[in-house]
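I opened this notebook to log what I looked up in one structure, entry by entry. The entries go from the whole chain to single residues.

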Amino acid sequence: MNIKKDFFAGLLVAGCVSISLAQQQPVTRTFSLGSNASGASGVAVGDVNGDGILDLVTSNASTSNISVLLGRGKANFGAAAVFPTGTQPESLALADFNKDGKLDVVTANFEAGSISVLFGNGDGTFQTAQNFPAGIQTQSVAVGDVNNDGIPDIVVSSVQSENTDVFLSNGDGTFQAPIVFTFNNGYAAWTQIALGDMNGDGILDFVGIFGFGQGFQVWLGRGDGSFYEWSNSLSYGTIAYPKGLAVGDFNGDGKTDVALGLYTNSAVGVSFNEGGGDFGVPVATKSAAATYLLAAGDLNGDGKLDTVSTGLNSELLVVGLGEGNGSFKLANAYNLGAHPVAALVCNLYGKTPDIAFVTANSVGVVVR
């Protein structure tokens with residue numbers, strides 16, 4: 001099924017449930033970003049000092065740096081160490097770009113129009129940032145092996161210049177000149193991006209939300225770092241205003257679907273992958289008011305993807321437990337006492353997965 005513009009009116013009936021939740025207080029811990037660090041904009045989790053315990057790394061847009069908090073086990077973390085980046089890092093990711101067995105950091109720097117790569121020393125510290133020009137207002141970054149050489153690459157979107165840059169890693173700490181794509185979707189460029197195998201060929205593909213939240217589109221990877229259009233532009237107009245983005249198999253059919261935080265409709269919507277480049281009308285589940293933040297993962301170990309979302313200026317993280325059909329049962333609304341701006345699902349404690357999040361001035365975990 002190809003979805004046309006303005007299909008969304010009257011859609012949010014199937015799969016909707018009430019958001020009247022008992023606002024339970026989980027074990028929530030927050031930690032300082034460190035001195036001279038504020039305006040956190042993204043969070044990543046990985047073992048950056050090689051001790052087998054996961055650590056927290058945040059991008060701090062206001063102070064143009066990252067904070068690194070080394071894990072002490074059982075979801076406890078030490079004092080933050082701060083490392084400079086390019087100006088206004090809006091998002092970040094972790095990967096080993098130089099094949100030395102140590103995790104590195106890449107940030108997308110909005111004001112600078114660049115990416116910063118900070119190579120890890122393996123002890124929780126990082127080398128001086130290497131900055132590479134990208135598009136104007138660089139915003140969203142994803143990492144993955146897009147040319148099948150066994151080395152993670154960098155894909156980054158830039159809002160103002162309406163393009164996406166692919167930095168192929170040479171595996172020695174250097175990168176090839178970026179492959180630049182301008183996706184002619186009729187809207188501004190991607191504000192959120194993700195990588196996933198959308199057609200089951202073992203090659204990573206590209207999913208992006210149109211600028212100004214108009215819809216999303218899927219481009220298939222050729223396996224050499226380039227992409228070509230696969231899906232039609234799934235355009236909602238301003239009715240749904242998708243903001244958050246996650247990809248995964250939400251209905252258990254073996255195909256990778258697209259989940260969206262639907263800002264205008266205060267819901268999480270899953271658009272099912274029907275094969276051949278077609279995506280169905282999203283199954284929508286009521287979530288947080290003005291939903292914009294979205295993360296996915298199996299929170300309760302039942303083999304079904306769950307979601308974590310929040311609304312504009314809300315202090316709640318809303319957990320939706322997946323029912324295996326693209327809809328969710330709202331389980332908990334965790335009151336964090338501050339507005340979360342980014343979150344992810346990760347196993348920090350060694351039991352069921354936990355939630356890592358950042359607010360403007362702190363990083364925290366919800367231990368379930």
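What follows are my entries on the chain, its empty spaces, its aromatic pairs and a few single residues.

**Entry 1: whole chain**

I note at the outset that this is a predicted model. I looked up the secondary structure and found 33 strands and zero helices. I then checked burial: of the 368 residues in the chain, 58% are buried. For surface, I recorded about 13,400 Å² exposed by the chain, with 48% of it supplied by carbon and sulfur atoms. I also looked at sequence separation in the contacts. Taking contacts between residues at least 6 apart in sequence, I found that 45% join residues at least 24 apart.

**Entry 2: the largest pocket**

I asked how much space lies in the largest pocket. The value is about 1,500 Å³. I counted 44 residues in the lining of this pocket, and those that lie nearest its centre are Ser140, Gln192, Leu245, Leu294 and Ala343.

I next asked which strand gives the largest share of the lining of the largest pocket. That strand is S2, with seven residues. The strands that each supply at least two residues of the lining are S2, S8, S12 (138-144), S16 (192-196), S21, S27 (291-297) and S31 (342-346). By class, I logged 31 nonpolar, 11 polar and two charged residues in the lining of the largest pocket.

**Entry 3: the cavity**

I searched the whole structure for cavities of 30 Å³ or more and got one. The largest cavity holds about 40 Å³ of space. I listed its lining as Ile53, Leu54, Gly71, Arg72, Gly73, Lys74, Ala75, Asn76, Phe77 and Leu348. Two elements give two or more residues to this lining, strand S5 (71-73) and strand S6 (76-77). S5 gives the largest share, three residues. I split the lining of the largest cavity by class into five nonpolar, three polar and two charged residues.

**Entry 4: aromatic pairs**

I searched the whole structure for aromatic pairs and found 10. I took Phe83 and Phe126 and asked why the pair is edge-to-face. The ring centres of Phe83 and Phe126 are 5.7 Å apart and the planes stand at 75 degrees; planes over 60 degrees apart count as edge-to-face, so the pair is put in that class.

I then placed the two residues. Phe83 is in strand S7 (residues 81-84) and Phe126 is in the loop between strand S10 (114-118) and strand S11 (130-133), so the pair ties together parts 43 residues apart in sequence. Phe83 and Phe126 are both buried.

I looked at Phe250 and Phe328 next. This aromatic pair is also edge-to-face, at 6.2 Å centre to centre and 80 degrees between the planes. Phe250 lies in the loop between strand S21 (242-248) and strand S22 (257-262), and Phe328 lies in strand S30 (residues 328-335). I logged the pair as a link between distant parts of the chain, 78 residues apart. The relative accessible area is 4% for Phe250 and 3% for Phe328. Buried means under 20%, so Phe250 is buried and so is Phe328.

I also noted one aromatic cluster formed by Phe97, Phe132, Phe167 and Phe175.

**Entry 5: Asp306**

I asked whether Asp306 is buried or exposed. Asp306, in strand S28 (residues 306-311), has 0% relative accessibility and so counts as buried. I left aside neighbours within four places in sequence and listed the contacts of Asp306: Ala295, Ala296, Gly297, Asp298, Leu299, Asn300, Gly320, Leu321, Gly322 and Phe328. Phe328 is thus a contact of Asp306 as well as a partner of Phe250 in the aromatic pair above.

**Entry 6: positive phi**

I checked two residues other than glycine with a positive phi. Asn36 has phi near 60 degrees, and Gln88 has phi near 65 degrees. Asn36 is found in the loop between strand S1 (27-32) and strand S2 (40-46). Gln88 is placed in the loop between S7 and strand S8 (89-95).

I then looked up accessibility. Asn36 has a relative accessible area of 65% and is exposed. Gln88 has 21% and is partly exposed.

Terms used:
Residues are numbered from 1 along each chain as its sequence is written. This is a predicted model: local features need pLDDT of at least 70, side-chain atom pairs count only at pLDDT 80 or more; totals for chains, interfaces and linings use all residues. Side-chain values use heavy atoms; hydrogens and water are left out. Helices (H or I, at least four residues) and strands (E, at least two) are DSSP runs, numbered from the N terminus. Buried means under 20% relative accessible area, exposed over 50%, partly exposed in between (1.4 Å probe, protein chains only). Contact means heavy atoms within 4.5 Å. Accessible areas come from the Shrake-Rupley method with a 1.4 Å probe; for residues, only the protein chains shown count as cover. On a 1 Å grid over the protein atoms alone, a cavity is a set of points where a 1.4 Å probe fits but cannot get out, and a pocket is an open set with protein on both sides within 12 Å along at least five of seven lines; lining residues have an atom within 4 Å of a point. Grid points are joined across faces, edges and corners, and a volume is the space filled by probe spheres set on the points. Ala, Val, Leu, Ile, Met, Phe, Trp, Tyr, Cys and Pro count as nonpolar, Asp, Glu, Lys and Arg as charged, and the others, Gly among them, as polar. Rings of Phe, Tyr and Trp (its six-membered ring) pair if their centres lie within 6.5 Å; planes under 30 degrees apart count as stacked, over 60 as edge-to-face and the rest as tilted.
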